[in-house]
Amino acid sequence: MQVFFSSRYTFELPADHPFPIYKYQQCADYLVEQGLISKEQLIDPGLASLEDLLLVHTQNYVEKIMTGRLTSTEIRKIGFPWSEKLVERSRAAAAGSIEAAKAALKAGRAANIAGGTHHAFADHGSGYCLFNDVAIAVKCLHKAEPQLKVQIVDLDAHQGNGTSAIFADDERVYTLSMHVGGNYPRDKFPSSLDIALERSCSGQDYLLKLKDALQTSLKKFQPDLLVYLAGADVHKDDRFGQMNLSTEEMLVRDKFVLETAKEKKLPFAIVLGGGYNKDKSLTARLHAQTIAAALSI
Ligand SMILES: [Zn+2]
């Protein structure tokens, strides 16, 4: 399985910033240390081109990001201080998702140890998301294969509002989002299928609802590719997720999604999504658990 990773994914943030920026490097390191993947297997995807970014984002927004001309309100909404490294990192993460989606179509499965920035809209960013990497990846695939049907399975604890808005009128893309109904973002945008859960619903209840939603939607939509946004913020000890899954239940979740795709001979690409555990090293291990599950099935 091709796994995309760049040292650019991690960049310098102020020490008191709540975003666990080191989780990308830690996740890659953990996979290597555990012998699940060799260092040589981690492929640097490079940077998404301007042309790639403009498949989804408006010229005005992309120019403002590239030149650091975002307003203070726009920067506050994104949640990261602007820097050249931030731009580079966001382009690298988008490139990782583009390459993972292409590799998945060729080889059946692939992963990006970043991505899932689903709160980025065409003309603005929010919630730690500048560019919508999954939307960019899907639009890249559509350039070569316009009829390709893609299902995005967004299991981050927060609703995938940016992605759902970008693909609202695109019948080739099915957006499934399972999230806490009362949590961020306030400005939710309807997905093809939204499963809005109560705060702290039980892992068993979560898994039952997921099973039903995934099986029903796959049967109905019949995609050619599944993109799995495997947010780790559904863990019971996450700072922002408001969900209640144990580490073991998260593994059951990952295996269920990936094995379902495998049984249907449906190619899948994995991106990480959010994860802000109180135990900082656990965030990286939860993400690594998803990649390990994909390597093992
Ligand atoms: Zn999230």
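In this predicted model, Ala111 has Ile270 of strand β8 as its bridge partner. The bridge belongs to the pairing of strand β3, residues 109-112, with β8, where three bridges join the two strands and both run parallel. This pairing is one step in an open sheet of eight strands, ordered β2-β1-β3-β8-β7-β4-β5-β6, with parallel pairing. The edge strands are β2 and β6, each of which pairs on one side only. Helix α8 packs on this sheet, touching β4 (150-154), β5 and β6, and its direction makes about 170° with that of β5. Strands of a sheet pair through backbone hydrogen bonds, either in parallel or in antiparallel fashion.

Moving along the sheet from β8 brings the reader to β7, and these two strands pair in the parallel sense over four bridges. Here Val227 stands opposite Ala269 in β8. On the other flank, β4 is joined to β7 by five bridges, and these strands too run parallel. Val227 appears again in this second pairing, as the bridge partner of Ile152. How enclosed is β7 by the rest of the structure? Five of its five residues are buried, so the strand is largely enclosed. In a regular strand, side chains alternate between the two faces of the sheet. In β7, Leu225, Val227 and Leu229 point one way while Leu226 and Tyr228 point the other way, and all of them are buried.

Strand β5, residues 173-180, holds Thr175. This threonine counts as buried because 31 C-beta neighbours lie inside 10 Å, where 20 or more are needed for that label. Leaving aside neighbours within four places in sequence, the contacts of Thr175 are Ile152, Asp154, Gly160, Thr163, Ser164, Phe167, Ser191 and Ser192. Ile152, already met as the partner of Val227 in β7, is thus one of the residues in contact with Thr175. For a sense of distance, the C-alpha atoms of Thr175 and Ala48 are separated by 23 Å, with their positions 127 residues apart along the chain.

The helices add their own packing. Helix α8 (residues 203-221) and helix α9 (residues 247-263) have axes 10 Å apart and pack at an angle of about 10°. The two helices are therefore roughly parallel to each other. On the α8 side, the meeting residues are Gly203, Leu207, Leu210, Lys211 and Leu214, and on the α9 side they are Glu249, Val252, Arg253, Phe256, Val257 and Thr260. By class, this contact has six nonpolar, two polar and three charged residues.

Helix α1, residues 23-33, has as its buried residues Lys23, Tyr24, Gln26, Cys27, Ala28, Tyr30 and Leu31. The elements covering them include β2 (42-43) and α10 (280-296). After α1 comes Gly35, with a positive phi near 75°.

Several loops carry backbone features worth a look. Most residues other than glycine have a negative phi, and most peptide bonds are trans. The peptide bond from Tyr184 to Pro185, however, is cis, with omega near 0°. Pro185 sits in the loop between β5 and β6 (193-197). Gln242 has a positive phi near 60° and lies in the loop between β7 (225-229) and α9. Lys265 likewise has a positive phi, near 55°, and is found in the loop between α9 and β8 (268-271). Which of these two loop residues is buried or exposed? Gln242 counts as buried because it has 22 C-beta neighbours inside 10 Å, whereas Lys265 is exposed, with 7 other C-beta atoms within 10 Å.

Taken as a whole, the protein has 10 helices and eight strands. Buried residues make up 49% of its 297 residues. Of the contacts between residues at least 6 apart in sequence, 73% join residues at least 24 apart. The C-alpha atoms fill a box of roughly 45 × 45 × 40 Å along the principal axes. A compact globule with 297 residues would have a radius of gyration near 19 Å, and the value of 17 Å for this protein agrees with that expectation.

Technical notes:
Residues numbered from 1 in each chain as written. Predicted model: local features only at pLDDT ≥ 70, side-chain atom pairs only at ≥ 80, totals over all residues. Rg over C-alpha atoms; globule rule 2.2 N^0.38 Å. Buried ≥ 20, exposed ≤ 12 C-beta atoms within 10 Å, placed from the backbone. Contact = placed C-beta atoms within 7 Å. Axes fitted to C-alpha atoms, helices over the stretch in contact; angles between N-to-C directions. Parallel < 35°, antiparallel > 145°, perpendicular 65-115°, else oblique. Nonpolar A, V, L, I, M, F, W, Y, C, P; charged D, E, K, R; others polar. Pairing = 2+ DSSP bridges.
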